Amino acid sequence: MTDQSLAMPYALSRSLSDMSVLAIWKNPIIWKNFKSRMRMQALFPLLLVFIVATFMTFTIYGGVDRFQDDPVQAARAAILPLGLLQWLILMLSATGRITSGIIHERVTGTIEYTRLTPMSPMSKVLGYLFDLPVREYIAFAITMPFMVFLLIQGEIPLSVIVPVYLVFFSSALLYHMVGMVLGLVLREWRMSVMFTIGVVILINWVLPLFSYLGFPFLQYLTIRPVVVDKVFPYLTENSAFFDGFPELFASATSQVKFYTWTVSTAVFSLILQAGLIFTFGLMVYRKWQDEFSHALGKSYAFLFYVGLQLFCIGTLWPNLTFDFDTAVALGIVQDDSLAENFAFVIPLVYGFFSILCVFWLIYVITPTHDEYRSGLLREKKLQQMNRGGLSRFDDHVGSLLCAAVLAGFTFTFLMVVQLVMVSAGPLAELSPSLLELLKLPLVAVLVIFYFYVSLEYLQLSKFALLFLLVWIVPILLGVFLGVVFEFEEMVLYIGSVSPLTLITLAAQGLLSANLYDDELLFIRNAYWIGSAFILTLTIFLGYRMKLLKERTKAKLENES
């Protein structure tokens, strides 16, 4: 792995080592947008924020203090509502503004002029990061005196305030980087704001729900765990929120069990978010250096995927080694009837998560036909200059090797998760065979290759049609036949040609010891039908892609 794949992270580290880029008050991009966004019309939204913060603070504080005669409790009651207002300003409004601002700069052509300036790419990244939402930053600053008043009156110690706001600003920076990446990728600026806000809402309110399925990893992308751990003990009226929670899930919100260690929620959240901020920052940096480069290099994609999996498995570890007999003895659960469902859900959700991550990375690093052709031309020029050819990890080289490496990582991690559950977790009582354990990892490898050859051969527009016809339509058709004509077997057989159904069938094979013989035969037949169909289609598309690349090479040879 040479040049292009590793040069970007090194260039980014060199830019960070130059402390002058951190002097954002000297950045001309910030002052340019500060003057444009802080004109007279900006006074109305800022005045509105001041009125809302004033009304919210003293209405709640004054009302509770008057009726309960407890100023400390009154101040604490107003902390969360005002914190929600700050979250709306800095997380939603500021992130949406970054996305729309970047797209507006692209539409007007201003971003091209900025790219030609002698400023370093890191200065441009920081300039747009802090100048586009400058009005939102000022609106947030307006709410801070009210929050300081409530924290002092509520007698909240600094040991609580500091980690909460550290994670708060870290989360805001993470979402802002996501907004900047989307701004450099999306084309329709009117819909971009809604899409970015939807992504932030998804991260904060939908993904944390998976913690109740035993996946606490995703909730640490938000500020929620730190608030629950640090702030909620002081809000006595909300202490009942945790009553009745199983210990398995309550522990995920109060502390982080990472493998066999216990880590502070604030420290873990900061480390995880810092890794993602660096990744998104690298994507933006690469786009600023070269608009036509991929957002991530192939070598960094490997490192990112392995690191993400290690974090995910680390937080998942207590659930992989969860002993239902011990839980029943301690009274955490009433009986071990959940063992089967738990053993099925954990590998299934983890498998979908891993495969989706690989899909995203393959989409980022896979070149288009035009990029592949440009790579061939560049390689020929290098050979004429006796400088060798392109690296296998170059942006304009096909991603077959990278897809194979990512598929191998996915196979390994899925096997590790299942083997741990067999040796010391819920799968110990079910004792699935080796063939049943191999089904899900093998299907994951097959689906990853299927996705890769489909995307690289068909390109995104045609792949979207294939996704609709082969991934979604079989499921809908199977449900229709089952409901209207009562063809029960046909439902699963037709639906199995969709990778979504096939992954579910592969995970359900772990429960084969508790299935009836006819059910087991039914599921196995559907599994092999779906696997054979997807394997055949993958081979066909792979062969067509090979012919296309050979024709492209031959055409270039003839032209030369």
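Is Trp205 buried or exposed? In this predicted model, Trp205 has a relative accessible area of 52%, above the 50% cut-off, and is therefore exposed. Its ring partner, Trp87, is buried, with a relative accessible area of 8%.

The pair formed by these two residues belongs to a wider set, as a search of the whole structure finds 32 aromatic pairs. The ring centres of Trp87 and Trp205 are 6.0 Å apart, and because the planes meet at 75°, the pair is classed as edge-to-face. Trp87 is located in helix α4 (residues 71-108) and Trp205 in helix α9 (residues 189-206); the pair thus links distant parts of the chain, 118 residues apart.

Another aromatic pair consists of Phe278 and Tyr300, with 6.1 Å from centre to centre and 55° between the planes, an arrangement counted as tilted. Phe278 is in helix α12 (residues 265-289), whereas Tyr300 is in helix α13 (residues 298-320), so the contact ties together parts that are 22 residues apart in sequence. Phe278 is partly exposed at 34% relative accessibility, while Tyr300, at 12%, counts as buried. Ring pairs also join several residues into a cluster, made up of Tyr220, Phe258, Tyr259, Trp261, Phe268, Phe311 and Trp317.

Aromatic rings are also found in contacts with lysine. The charged end of Lys439 sits over the ring of Tyr527, at 4.8 Å from the ring centre. Lys549 is placed over the face of Tyr372, and here the distance to the ring centre is 5.0 Å.

Helix α8 covers residues 158-185 and contains 28 residues. At 1.5 Å a residue, a span of 40 Å is expected for α8, and the C-alpha atoms at its ends are 40 Å apart, so the two values agree. The helix is mostly covered, with 21 of its 28 residues buried. In general, an α-helix has 3.6 residues a turn, so residues three or four places apart point the same way.

The cysteines were examined for disulfides, and a search of the whole structure finds zero. Cys312 is in no disulfide: the nearest cysteine sulfur belongs to Cys357 and is 7.9 Å away, whereas a disulfide requires sulfur atoms within 2.5 Å. Cys312 has a relative accessible area of 2% and is therefore buried. Cys402 is likewise buried, with a relative accessible area of 0%.

Conventions:
Residues numbered from 1 in each chain as written. Predicted model: local features only at pLDDT ≥ 70, side-chain atom pairs only at ≥ 80, totals over all residues. Heavy atoms only, no water. Helix = DSSP H or I, 4+ residues; strand = E, 2+ residues; numbered from the N terminus. Expected span 1.5 Å × (residues − 1). Buried < 20%, exposed > 50% of the residue type's maximum accessible area, 1.4 Å probe, protein only. Phe/Tyr/Trp six-rings, centres within 6.5 Å; stacked < 30°, edge-to-face > 60°. Lys NZ or Arg CZ within 6 Å of the ring centre and 35° of its normal.
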